[in-house]
Each structure stands twice: as C-alpha cells, then as structure tokens.
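Please open the model in a viewer and keep the sequence panel beside it. The tour below proceeds by selection, with a short account of what each selection shows.

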Amino acid sequence: MAQLHLIETGSGAPLVLLHAFPLNSSMWAAQVEALGDSWRVICPDQRGFGGSLLPDADVDAAPSLDALADDLAELLDARRISEPVVLAGLSMGGYVVMAFWRRHRERVRALVLADTKASADSPEAAAGRERIAAEVVSAASSAQLVDELTPTLLGSTTRSERPLVLGRVKALVESAPPDAVAWAQRAMAARPDSFADLRTVDVPALVIVGVEDAISPPADARAMADAMPGARLVQIPAAGHLSAIEAPDDFNAALGSFLDQLR
C-alpha cells in the first residue's frame with residue numbers, strides 16, 4: 001500500500017475527489033473552494049503523483065488500478081471514515097472509482113464519473129500507453145508529454161481562449177514524475193471492461209462529460225449513464241477532457257446539484 005498525500009477540508013459527509021492522469025489533487029482547487037463549506041472534501045494524490053510516493057516495490061510489479069482502489073480504502077481507514085463516501089473521479093480517477101466499486105462497494109454512498117470511460121483499452125491504445133511509459137522512463141522526464149497530451153486533454157475552446165488554464169495544465173503535465181507516469185499508463189492499459197460492474201450500481205450516480213472531450217467523448221458518457229439504473233448525464237459546453245478545470249463553474253453546478261439531492 002502507498003502512503004497518500006491529500007488535501008482535506010470542511011466537515012460533514014465525506015466527498016472524495018480522484019484526480020486525472022497525469023495531474024494531482026491540485027486540479028480540484030475550484031471544487032474544494034466551492035464545496036468545502038458543505039462537505040468534508042478529501043482529494044488524495046494517487047501513488048506517485050503530487051506528494052504521494054510510488055512504493056519501491058511497485059516499480060517492477062505489474063501495475064493495476066486495483067492497487068489504487070485499495071490505497072483509497074486504506075486511506076479512509078486511516079482517516080477513520082467508516083461511513084459510505086460520495087466518490088468522484090475524472091479520467092484515470094474515474095477508472096479508480098470503478099475499481100473501487102468492484103472491490104469496496106459497501107463503502108460507496110454515491111458515485112460520479114467525469115470524462116472517463118468504462119470500456120477497456122483497444123490493443124492499439126494499450127500499445128500507445130506502453131510507448132509513452134517506455135519513453136518517459138528512458139528520458140527520466142515527462143517534458144515530452146506536454147506537446148503530445150495537452151491537445152487531447154483540453155478542448156478547442158480552452159486551447160484558444162483560456163491561456164491561464166492551458167499554462168496550468170502544461171505545468172502539471174511536465175511536473176509529473178516519470179516513474180509514476182509509466183506505472184499509471186501500464187495500470188490503465190491493463191484495466192478490464194467495467195460495463196458489467198456499472199450495471200450493478202445501486203446507488204445514486206452522475207456522469208459528467210465535456211462536449212469537446214476527444215479522449216472520452218459524450219458517446220462514452222452516454223453509454224455509462226445508460227448502464228447505471230437512474231444515472232444522470234450532464235454535458236459541459238466548451239470543455240474537453242478536463243472539464244473540472246476548463247469550466248469549473250458549470251462543473252460545480254452539475255456536481256453541486258447532484259450533491260444537494262443526496263442531502
């Protein structure tokens with residue numbers, strides 16, 4: 001298990017926010033500010049990212065998102081959180097939400113899947129992840145990811161009209177530790193199809209997607225929402241794969257409305 005660094009603020013019922021690849025918990029700054037007065041907001045850095053270390057034993061072990069799900073269960077135990085949590089994840093964070101549901105569903109009060117997908121990687125996508133993993137480890141740097149990933153992470157509106165967001169995301173991508181990037185890429189490549197698991201979801205569920213998301217487009221979001229009985233789908237205009245950063249007001253409105261109904 002990994003010792004996770006986290007941002008935690010507020011009081012009340014627990015809300016856990018899991019960050020995207022290859023970012024860290026700081027991506028949730030707008031959500032922490034908006035929700036910290038009403039919820040106990042917990043934003044962990046997943047292993048290897050931000051302030052969390054990648055355990056030495058895991059560098060050569062077969063990477064798996066199940067390990068990230070178990071990290072979160074251990075973190076909840078360490079924080080003495082025994083009640084079910086509202087669990088939200090964006091991109092890779094969404095993959096971890098689905099893994100957590102498979103392994104620890106009794107600890108989930110409601111779930112939110114944002115800019116993610118339930119299908120497994122195609123062979124071509126998995127090969128692309130392995131290429132990136134090998135390149136960043138060989139270069140001992142994630143700098144080359146900036147030009148490759150940024151155009152897909154952000155929507156066209158953000159790239160053309162939101163220079164501060166563009167600069168922030170580029171800095172986060174470049175600062176990602178190479179070993180963590182490689183480990184996470186291989187874990188995502190190995191993830192299973194999760195549609196069968198989504199069909200078992202019996203808690204309130206929300207799916208959010210940026211209309212300009214090129215990695216997990218609205219069709220993938222619709223498929224996930226259709227798989228979960230009673231799930232809501234919200235599309236965020238003028239936002240891409242990082243909708244929580246690109247259009248935080250719209251994202252917070254969708255998430256806040258869902259949370260209000262839970263209360």
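Begin by selecting residues 6-9 and 40-44, which are strands β1 and β3. In this predicted model, the two strands pair in the antiparallel sense over four bridges. Two positions serve to verify the register: I7 has C43 of β3 as its bridge partner, and T9 stands opposite V41 in β3. Colour β3 by burial next; four of its five residues are buried, and the strand is mostly covered.

Keep β3 on display and add β2, residues 14-18. How do β2 and β3 run relative to each other, parallel or antiparallel? They run parallel, joined by three bridges. Here L15 has V41 in β3 as its bridge partner. V41 therefore merits a label, for it stands opposite T9 and is also the bridge partner of L15. Strands of a sheet pair through backbone hydrogen bonds, whether parallel or antiparallel.

Now show every strand. Seven strands form an open sheet, and their order is β1-β3-β2-β4-β5-β6-β7 with mixed pairing. The edges are β1 (6-9) and β7 (232-236), each of which pairs on one side only. From one strand to the next, the twist averages 15°.

The helices that lie on the sheet come next. Select residues 65-78, helix α2, which lies across β1, β2, β3 and β4 (85-90). Its direction is at about 145° to β2. Then select residues 218-227, helix α10, which packs on the sheet and touches β5 (108-114), β6 (205-210) and β7. The direction of α10 makes about 175° with that of β6.

Hide the helices and select β6, residues 205-210. In a regular strand the side chains alternate between the two faces of the sheet. Which residues of β6 are buried on each side? On one side these are A205, V207 and V209, and on the other L206, I208 and G210. Six of the six residues of β6 are buried, so the strand is largely enclosed by the rest of the structure. Its partners can be added in turn. β5 and β6 run parallel and are joined by four bridges, with L113 opposite V207 in β6. β6 and β7 also run parallel, here with five bridges, and L206 stands opposite R232 in β7.

Move now to helix α7, residues 163-174. The helix has 12 residues and reaches 16 Å from its first C-alpha to its last, close to the 16 Å expected at 1.5 Å a residue. Show the side chains of V165, L166, V169, L172 and V173, which are buried. Turn the view to look down the axis of α7: the buried residues fall within an arc of 130°, so they line one face of the helix. An α-helix has 3.6 residues a turn, so residues three or four places apart point the same way. The face turned away from the buried side of α7 carries P163 and L164, which are exposed. To see what covers the buried residues of α7, add α5 (145-153), α6 (156-161) and α11 (243-246), against which they pack.

Within α7, centre the view on V169. With 0% relative accessibility, V169 counts as buried, since the cut-off is under 20%. Which residues are in contact with V169, leaving aside its neighbours within four places in sequence? They are L153, L154, L242 and I245. Draw a distance between the C-alpha atoms of V169 and L153: these residues are 16 apart in sequence and 8.7 Å apart in space.

Finally, zoom out to the protein chain, which has 12 helices and seven strands. Its radius of gyration is 17 Å, close to the 18 Å that the globule rule gives for 263 residues, so the chain is as compact as a globular protein of that length. Along the principal axes, the C-alpha atoms fill a box of roughly 50 × 40 × 35 Å. Colour the whole chain by burial to finish: buried residues make up 55% of the 263 residues. Among contacts with a separation of 6 or more, 80% are between residues 24 or more positions apart.

How values were computed: Residues are numbered from 1 along each chain as its sequence is written. This is a predicted model: local features need pLDDT of at least 70, side-chain atom pairs count only at pLDDT 80 or more; totals for chains, interfaces and linings use all residues. Side-chain values use heavy atoms; hydrogens and water are left out. Two strands pair if DSSP finds at least two bridges between them. Axes are lines fitted to C-alpha atoms, for helices over the stretch in contact, and angles run from 0 to 180 degrees between N-to-C directions. Contact means heavy atoms within 4.5 Å. The expected span of a helix is 1.5 Å times one less than its number of residues. Buried means under 20% relative accessible area, exposed over 50%, partly exposed in between (1.4 Å probe, protein chains only). The arc is that of the directions from the helix axis to the C-beta atoms. The radius of gyration is taken over C-alpha atoms; the globule rule is 2.2 Å times the number of residues to the power 0.38.
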